[in-house]
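Please open the model in your viewer, choose a ribbon display, and keep the sequence panel at hand for this short tour.

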Amino acid sequence: MASPRGTAGRAVRVLDTAAGRMVAEATPRGLARLDQVGPEEPGVGQDPASWFPVEHRDDDEVGGPEPGAAAEHLDRVAEQLEAYCAGRLREFDVPVDWAAAGVHDEFSREAYREIQHIPYGETSTYGQVSVDAGRPRNARRVGRLCTLVPVPFVIPVHRVIRADGGMGNCPEYRIRLLEHERRNLTAAAPVPFRSSGS
């Protein structure tokens, strides 16, 4: 795990988890990004802050919360990812900085909030999330939001499926996450996440 890096109150960290290598970015207000990357990705081995476009790193925290808060959010998401992969955690509670994550309209925020309420090990459809978010005819937009999610796991888009039961992008990975959750719903003791090779 790399040390936190960042500018103007932001921090970026590489997280090696049982569910894959991720790069997390946070501001003092909350998590801004959680991207899964592989060792072959461009920029791996460089300053993690350089992995994000400049517009995601510009910041104005004058008068904002204490500078150490961004690093605290990264500590928290790292701990929660570890606990989730170990089968001990069912719900993430790291705050999201919606503005820094690039989520600016109210429907997108409400759709992501509804996705956060889908119970561990269960699924909902794009259409149902659209209804719950107050716009019943926006199922396609919910599907698009699931592909653009800035902070997966915290916003568990792997629990959102098509009306026909299809899994959308990265179906094998999403199925493995759901299987992990369902195993832990019925297991007597926590069951760790199984990587694709196990």
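Begin by selecting β3 in this predicted model, a strand that is mostly covered, with six of its eight residues buried. Keep β3 (30-37) highlighted and add its neighbour β2, to which seven bridges join it in an antiparallel run; the two strands form a hairpin with two residues between them. To see one of these pairings, select Val-23, whose bridge partner in β3 is Asp-35.

Next, extend the selection to β1, which is joined to β2 (residues 20-27) by seven bridges, again with the strands running antiparallel. Here Arg-13 is a useful residue to pick, since its bridge partner in β2 is Ala-24.

With the three strands shown together, you have an open sheet in the order β1-β2-β3, paired antiparallel. The edge strands are β1 (11-17) and β3 (30-37), each of which pairs on one side only. On average, neighbouring strands of this sheet are turned by 20 degrees against each other, with direction ignored. Now add helix α2 (residues 69-85), which packs on the sheet and touches β1, β2 and β3, while its direction makes about 10 degrees with that of β1.

Finally, move to the cysteines and select Cys-146 and Cys-170. Is Cys-146 buried or exposed? Cys-146 counts as buried because its relative accessibility of 10% falls under the 20% cut-off. Cys-170, by contrast, counts as exposed, because its relative accessibility of 53% is over 50%. If you look for disulfides, taken as cysteine sulfur pairs within 2.5 Å, the count comes to zero.

How values were computed: Residues numbered from 1 in each chain as written. Predicted model: local features only at pLDDT ≥ 70, side-chain atom pairs only at ≥ 80, totals over all residues. Heavy atoms only, no water. Buried < 20%, exposed > 50% of the residue type's maximum accessible area, 1.4 Å probe, protein only. Pairing = 2+ DSSP bridges. Helix = DSSP H or I, 4+ residues; strand = E, 2+ residues; numbered from the N terminus. Axes fitted to C-alpha atoms, helices over the stretch in contact; angles between N-to-C directions. Contact = heavy atoms within 4.5 Å.
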